[in-house]
Amino acid sequence: MTAAVPPTDNLPRESQDVPELKVDDTPDFKVINKSTIITRRFFRNKAAAFGLIVFILVGLFGLFGGLLAQWDTNTIDPFYMATGPSAAHWFGTTSAGTDLYAQAVEGVRTSMAIGLIVGGLSVIISAVYGCIMAYFGGKLDNVMLFFLETLMMAPQLLVIAIVINGAGGQKIREVLPGWVILTIVLLIFSWMYDARVIRSMAMSLIQRDYVKAARYMGVSPFKIVWRHLVPNIGSLLVLNFTRGITLAILSEVAYTFVGIGVKYPNYSLGSLIAQASSQINTLPWMFWIPMILFFLLVGPLSLMNDGLRDAFDPTSLSVGKAKKDKKEKAK
Amino acid sequence: MSANPVLSVKDLNVSFNTENGVVHAVRGINFDLHAGKTLGIVGESGSGKSVASMAIMGLHPTTADITGSIQYKGKELLGLSDKEMCEHRGKDIAMIFQDPLSSLTPVYTIGDQIGEVLKVHNKGMSKQAIKDRSVELMRLVGIPDPANRLKSFPHEFSGGMRQRVMIAMAIANDPAVLIADEPTTALDVTIQAQVLEVMEKAQEETGAGIIMITHDLGVVAGMADDIMVMYAGKPVEIARAEDIYTRPAHPYTIGLLGAVPRVDRADKVSLVPIDGTPPNLLNEVHGCSFRPRCPIAKSGGQCCKDVAEEPALRLIEGAGEGHYAAADIAEQLVDARPEDLYPVPEVPESKYDSIPREERPTVLEVKNLKKHFPLLKGALVKRRVGTVKAVNGVSFDIREGECFSIVGESGCGKTTTLLEIMEFNKETDGDILVNGSSVHDGLKGSELLKMRKNQQMVFQDPTGALDPRFTVYEVLAEPLENQGWKKKDIQKRVIELMRTVGLQPDHVNRFPNQFSGGQRQRIGIARALAVNPKLVALDEPVSALDVSVQAGVINLLEKLRADLGLSYLMVAHDLAVVRHASDRVAVMYLGRVVEIGHVDQVFDNPIHPYTRALLSAIPVPDPEVEASRERIILEGDLPTPLNAPDGCPFSTRCPIFKLLPEEKQKVCTSEHPAMSREGNLDHEYACYFPNEEVAIVSATNPEAVVGVSQDETPWGDSALAADSTVADSSAAGEGSIRA
């Protein structure tokens with residue numbers, strides 16, 4: 001540990017306080033930021049680090065892959081209609097002759113954005129909502145619970161279909177692209193189940209002494225929720241987050257596949273898979289390339305799950321590894 | 001003493017394979033248990049005492065590696081299959097577990113569960129016979145109305161009653177060996193006294209040999225014939241009970257005895273803490289396992305002759321019959337007092353000691369505090385069906401530099417009082433003044449924050465009190481941040497705090513789970529001290545800690561009080577700790593203070609019958625004292641605060657009330673007695689007739705009840721679990737117990 005820590009600022013030592021303490025043998029040290037500790041713990045898990053790298057690479061592909069593209073998504077190349085991967089069209093072309101590489105880049109970007117936004121925001125909403133319900137209890141809890149259960153009972157599929165296709169939303173559809181609407185609707189319906197689980201977990205946490213201790217210190221309720229409750233359901237939140245991304249991507253793919261999600265001229269992984277579905281045998285690359293990208297997007301998330309949980313959880317064994325590492329270094 | 005022991009354990013070793021390697025939990029135990037005798041096994045948590053008892057019962061998973069020999073009446077038990085072992089379990093060797101709450105199945109009636117024990121070992125026993133025997137057993141352990149209570153479920157019994165049921169189940173088949181693993185740790189002192197009586201009685205009836213496992217040297221002092229002190233999986237001393245207490249020969253035993261505060265001692269000396277923690281049994285032990293903590297080794301003295309060799313248990317001459325110890329210079333230690341061996345911290349002098357109490361400023365004043373909880377019923381519309389009067393008119397004040405303690409059984413409202421003060425809610429019934437500002441002043445914002453700064457709390461369970469996601473730095477910085485300290489000052493202060501409570505400052509980056517229990521409690525204390533409070537509320541500050549660690553924490557608290565001029569409000573059930581640490585004490589019963597005053601006054605000259613009973617129920621780690629004193633054993637359990645009796649709440653269990661003539665009893669039941677002062681002293685009590693005769697059950701002869709006519713409980717069925725030790729002894733007299 002000492003090797004990684006830069007020399008400290010000079011901490012004043014008050015010798016009159018406890019003089020018998022041996023100051024000499026305790027090396028100068030610094031209060032390490034918790035985020036540093038968490039990052040270190042995360043990267044001790046090799047599989048998780050690998051997952052993160054793959055996820056970032058796929059993300060970079062989505063963001064900057066377009067710079068390398070020679071074609072845009074909707075221009076038809078009459079010389080390469082329904083051909084496989086080649087030097088001109090790296091991922092091949094569709095039956096209409098449009099470039100699959102350009103479409104894949106946009107598809108990954110759209111799907112990833114939907115996943116990250118829905119996964120991330122729904123975790124935050126569910127955590128804060130659930131914790132507030134649990135912390136304040138009483139009437140507020142009842143009202144919030146009623147709202148939550150009303151949302152749960154709403155027919156999600158129908159609402160999405162109506163918003164995307166229906167008559168009323170003409171104005172909205174003109175202003176916002178399809179994927180943004182889909183994101184908002186997915187977000188609205190994604191957090192309730194988690195919020196309810198979190199509420200019950202937080203209710204048991206509130207009974208703990210450290211929450212009482214903070215309350216008696218006069219820490220404000222929202223700060224307690226944010227500093228004590230949210231991190232302590234951290235393992236669950238991390239799982240919810242990665243699973244939320246996966247679920248959002250999956251539902252985007254599913255909704256788009258049945259035709260109520262992202263629409264032409266926009267592309268997502270779902271719409272790519274959908275357009276390939278009738279030609280799996282004749283034009284296999286049209287199906288497999290978006291499919292592989294889809295796995296590369298979702299797979300690393302489950303690898304990261306484990307590492308994130310370990311990093312946030314102080315009881316995990318990754319500390320033991322730290323000690324071992326240190327010992328080995330000492331040798 | 002018969003020549004053949006009922007249980008003979010030779011060279012017992014138990015080790016487990018864990019993720020981290022092999023844990024050698026028990027490393028060679030030898031003992032013989034004779035019929036009718038009691039062996040006490042004493043040790044701190046992790047010393048292997050429970051593991052050994054589980055090995056005897058054959059309850060370890062097959063992955064545990066057990067070697068040596070365990071012989072029951074000459075038959076080898078080790079190596080028996082689970083099925084063969086079942087023949088003995090519950091029949092020849094029975095066990096009483098620590099937690100009666102989880103040892104009984106909640107979905108079966110008591111009758112079913114006792115019946116099951118009988119059925120398993122007595123094939124073909126008729127239903128009627130099982131029922132008769134169950135009733136007989138229930139009566140034996142002192143459960144009133146046994147025939148009907150057989151149909152009750154465990155949740156309808158109180159903790160003490162459940163433990164009695166456990167004892168009844170254990171002795172159902174007349175076992176020859178009874179293993180009791182911390183049988184009274186989860187119980188209140190008055191209930192503990194009852195259960196110990198029942199156990200003694202069970203031993204008389206069955207003639208079983210008892211192995212009593214405990215961490216409390218007081219509990220075994222009165223019961224055990226022999227005591228084995230365990231440390232790091234190995235016995236370090238075996239001797240007759242009286243020799244252990246009067247002539248301990250191992251430094252660890254000596255330290256343990258010095259670390260326990262005594263309720264019968266008034267003199268203020270610091271306790272003797274044993275520094276350090278027990279060794280990790282993952283690693284092989286080289287040399288004496290106690291060496292890293294041994295005061296002799298620390299001071300450079302020569303204790304173990306061979307540093308690499310672990311000293312073996314050997315007979316010590318001139319220290320009583322059959323006295324074994326694992327220390328090379330044990331003979332020289334026999335007459336040593338703990339104070340001679342261990343460095344005893346000086347009694348800290350507080351500047352307030354010289355100022356008379358009246359002249360010191362008041363830090364906290366509580367006036368007629370009440371906390372009533374409504375009891376609601378109904379699914380949609382809630383109706384109020386009753387009121388739980390958890391705290392019912394409590395008044396006291398705390399002066400600067402003073403430690404004030406509240407004692408009482410669980411459920412008496414002591415913790416509720418403490419929490420009410422900490423909550424500082426303006427809707428409080430009654431008045432709480434902290435440093436002169438009242439709850440009803442309606443403090444807000446920064447004023448409230450300023451007030452909160454003056455009172456901080458230390459919790460009972462050090463593990464639960466620290467957020468597991470916070471590093472120690474964050475834990476200690478939280479109150480400072482909240483008071484708006486600057487980041488630079490916070491760092492400085494945190495490091496200062498770590499030193500103040502005797503922890504290494506560079507441990508601030510660790511998480512709480514990387515510390516031992518005692519260290520965690522020190523962190524909790526450091527957090528409470530962070531903002532320089534005037535008053536620190538201590539909720540059972542040491543009850544979750546091991547004895548040797550406990551002493552260190554108590555000493556720390558006393559030192560801080562003297563150095564920083566703190567005032568403590570302590571809630572504790574351990575009267576010995578209270579006696580040691582506090583200046584004034586209040587005894588609470590059912591939400592009311594029944595006796596209050598200077599600690600020496602209250603403890604040496606208790607006036608209220610409840611205080612007297614409470615004090616007499618505490619076991620003292622000294623067999624001589626144990627044998628000679630008379631116990632006032634209270635009948636039954638604490639009534640629920642829901643249906644507190646009219647008038648004096650204690651009248652249902654009062655040993656004085658029972659002998660009073662009727663017109664005087666009427667006085668007791670008509671109105672709650674006001675506080676009366678004893679002479680001119682700092683000592684008040686709430687009792688009408690404190691000088692009348694007391695019904696005493698002596699510890700040595702439970703049959704001898706001083707003049708009590710016992711027909712039916714005059715107070716009806718006030719509590720679900722109203723039982724009576726007196727009824728139990730008379731009932732046992734008429735019941736035919738296994739002729």
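**Helix H8 of chain A**

I started with the length of helix H8 in chain A, residues 192-206, in this predicted model. At 1.5 Å a residue, I expected its 15 residues to span 21 Å, and the end C-alpha atoms are 21 Å apart, so the two agree.

Next I looked up which residues of H8(A) are buried. My list reads A:Met192, A:Asp194, A:Ala195, A:Ile198, A:Arg199, A:Ala202, A:Leu205 and A:Ile206. Looking down the axis of H8(A), I found these buried residues within an arc of 140 degrees, so they line one face of the helix. Then I asked what covers the buried residues of H8(A). In chain A, the cover includes helix H3 (100-136), helix H4 (138-153), helix H7 (178-190), H9, helix H10 (221-232) and helix H11 (234-257).

**Helix H16 of chain B**

I gave helix H16 of chain B (residues 445-454) the same treatment, and its buried residues are B:Met451, B:Arg452 and B:Asn454. They fall within an arc of 150 degrees seen down the axis of H16(B), so these too line one face of their helix. On the other side of H16(B) I noted B:Gly445, B:Ser446 and B:Lys450 as exposed.

What do the buried residues of H16(B) pack against? From chain A there is helix H9 (209-217). From chain B I wrote down helix H15 (414-423), strand E16 (429-434), strand E17 (437-438), strand E18 (455-458) and strand E19 (535-539).

**The open sheet of chain B**

I moved on to an open sheet of 4 strands in chain B, where the order is E2-E1-E4-E5 and the pairing is antiparallel. Its edge strands are E2 (21-33) and E5 (75-76), each of which pairs on one side only.

I followed strand E1 (residues 7-18) and strand E4 (residues 65-72) of chain B, which pair over 7 bridges in the antiparallel sense. Across this pair, B:Lys10 stands opposite B:Ser69 in E4(B), and B:Leu7 stands opposite B:Tyr72 in E4(B).

B:Tyr72 turned up again on the way to the edge, as it stands opposite B:Lys75 in E5(B). E4(B) and E5(B) are antiparallel, with 2 bridges. Their hairpin has 2 residues between the strands, and there I spotted B:Lys73 with a positive phi near 45 degrees.

I also checked what lies across the sheet strands: helix H1 (residues 49-57) of chain B crosses E1, E2 and E4 of chain B, and runs at about 110 degrees to E1(B).

**An arginine in a loop**

Is B:Arg262 buried or exposed? It is buried, with a relative accessible area of 15%, so it falls under the 20% cut-off. I placed B:Arg262 in the loop between helix H11 (251-259) and helix H12 (295-298) of chain B. Leaving out residues up to four places away in sequence, I found that B:Arg262 touches B:Ala576, B:Arg579, B:Val620, B:Pro621, B:Asp622 and B:Val625.

**Nonpolar cores**

Last, I turned to the cores. The largest nonpolar core has 152 residues, and those with the most contacts inside it are B:Ile114, B:Met212, B:Ile227, B:Ile525 and B:Phe603. Helix H8 of chain B (residues 189-206) gives the largest share of this core, 8 residues.

I took a closer look at B:Met212 and, again skipping residues up to four places away in sequence, listed its contacts; among them are B:Leu39, B:Ile41, B:Leu196, B:Met199, B:Val220 and B:Met223.

A second, separate core has 54 residues, including A:Met217, A:Val219, B:Val366 and B:Phe459.

Conventions. Residues are numbered from 1 along each chain as its sequence is written. Chains are lettered from A and ligands numbered from 1 in the order in which they are written. This is a predicted model: local features need pLDDT of at least 70, side-chain atom pairs count only at pLDDT 80 or more; totals for chains, interfaces and linings use all residues. Side-chain values use heavy atoms; hydrogens and water are left out. Two strands pair if DSSP finds at least two bridges between them. Contact means heavy atoms within 4.5 Å. Axes are lines fitted to C-alpha atoms, for helices over the stretch in contact, and angles run from 0 to 180 degrees between N-to-C directions. Buried means under 20% relative accessible area, exposed over 50%, partly exposed in between (1.4 Å probe, protein chains only). The arc is that of the directions from the helix axis to the C-beta atoms. The expected span of a helix is 1.5 Å times one less than its number of residues. A nonpolar core is a set of buried Ala, Val, Leu, Ile, Met, Phe, Trp, Tyr and Cys residues joined through side-chain atoms within 4.5 Å.
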